[in-house]
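Subject: Structure handover

Dear colleague,

I am passing the structure below on to you. What I found in it follows underneath.

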Amino acid sequence: MSPNDTARSRTVILAAIDRSPASDACIFTATSLAQGIVGAELHFLHVIEASPQTTSPLNLLEDGRNAIDAVAARAGQRFKGRIAAHLAVGDASREILQLASDLEADLIVVGSHGKKTLERMLVGSVSQSVVKKARCAVLVARPKEYALEPVPEIAPPCPKCLETQRASGGDKLWCEQHAGRHAHGRLHYETPPSYGVGSMLIRPEG
């Protein structure tokens with residue numbers, strides 16, 4: 001394998017971790033993505049935003065090291081590839097973007113703090129700054145929260161449709177009531193009918 005081939009096979013995922021429950025979704029998302037990518041490597045970053053008024057900076061550093069090491073250990077239970085843990089002190093968005101640049105990251109994963117976080121992200125926060133300034137894709141990881149108060153313009157999922165999906169393992173998507181509304185829907189991974197020995201199904205590109 002040539003050096004160029006090695007460079008192409010390297011996919012860097014940088015996940016920004018804090019010490020909130022939002023990090024659980026971030027860790028799960030980052031490791032899930034890495035599992036499906038050959039040559040992926042995971043980098044976790046925890047940023048300590050210390051101020052001049054901080055009374056115990058050494059304690060903060062020690063706590064930060066323990067936190068990021070624990071994250072790396074958790075990730076290692078799900079992803080067996082390369083994992084690196086990083087600790088930085090400073091402005092969170094700047095440190096995230098700087099490490100992404102230093103690593104030439106392909107993807108940055110950031111967490112979401114509760115159901116209102118996305119709204120805050122759009123008007124100004126660490127995540128908003130990362131999304132705006134990053135030179136690679138950014139993914140906001142958050143747990144599924146469809147059971148919470150729905151978005152007014154989006155109808156909640158039909159319980160019978162959800163039960164149909166669970167019972168069929170995803171082979172069927174809609175209950176009898178809503179099957180007609182989605183009559184033309186198809187799963188893109190459905191097995192096409194056989195056209196005989198040696199035949200091929202050719203799909204146009206684009």
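Apart from its neighbours within four places in sequence, Ala 84 is in contact with Leu 42, His 43 and Phe 44. Please keep in mind that this is a predicted model. Ala 84 belongs to strand 3, which covers residues 82-89. The relative accessible area of Ala 84 is 17%, and because the cut-off for buried is under 20%, Ala 84 counts as buried. Ile 68 is 16 residues from Ala 84 in sequence, and their C-alpha atoms are 9.6 Å apart in space.

Next, the sheet. It is an open one, formed by 5 strands in the order 3-2-1-4-5, with parallel pairing. Which strands stand at the edges? They are strand 3 and strand 5 (137-141); each has a single partner strand, so one side of each has no neighbour in the sheet. From one strand to the next, the twist averages 20 degrees.

Within the sheet, strand 1 (residues 11-17) pairs with strand 2 (residues 40-48) in the parallel sense, over 7 bridges. Ile 17 has His 46 in strand 2 as its bridge partner.

Two helices should be mentioned with the sheet. Helix 4 (residues 92-103) packs on the sheet and touches strand 1, strand 2, strand 3 and strand 4. The direction of helix 4 makes about 155 degrees with that of strand 2. Helix 2 (residues 22-35) lies across strand 1, strand 2, strand 4 (107-111) and strand 5, and runs at about 170 degrees to strand 1.

Regards

Conventions. Residues are numbered from 1 along each chain as its sequence is written. This is a predicted model: local features need pLDDT of at least 70, side-chain atom pairs count only at pLDDT 80 or more; totals for chains, interfaces and linings use all residues. Side-chain values use heavy atoms; hydrogens and water are left out. Helices (H or I, at least four residues) and strands (E, at least two) are DSSP runs, numbered from the N terminus. Buried means under 20% relative accessible area, exposed over 50%, partly exposed in between (1.4 Å probe, protein chains only). Contact means heavy atoms within 4.5 Å. Two strands pair if DSSP finds at least two bridges between them. Axes are lines fitted to C-alpha atoms, for helices over the stretch in contact, and angles run from 0 to 180 degrees between N-to-C directions.
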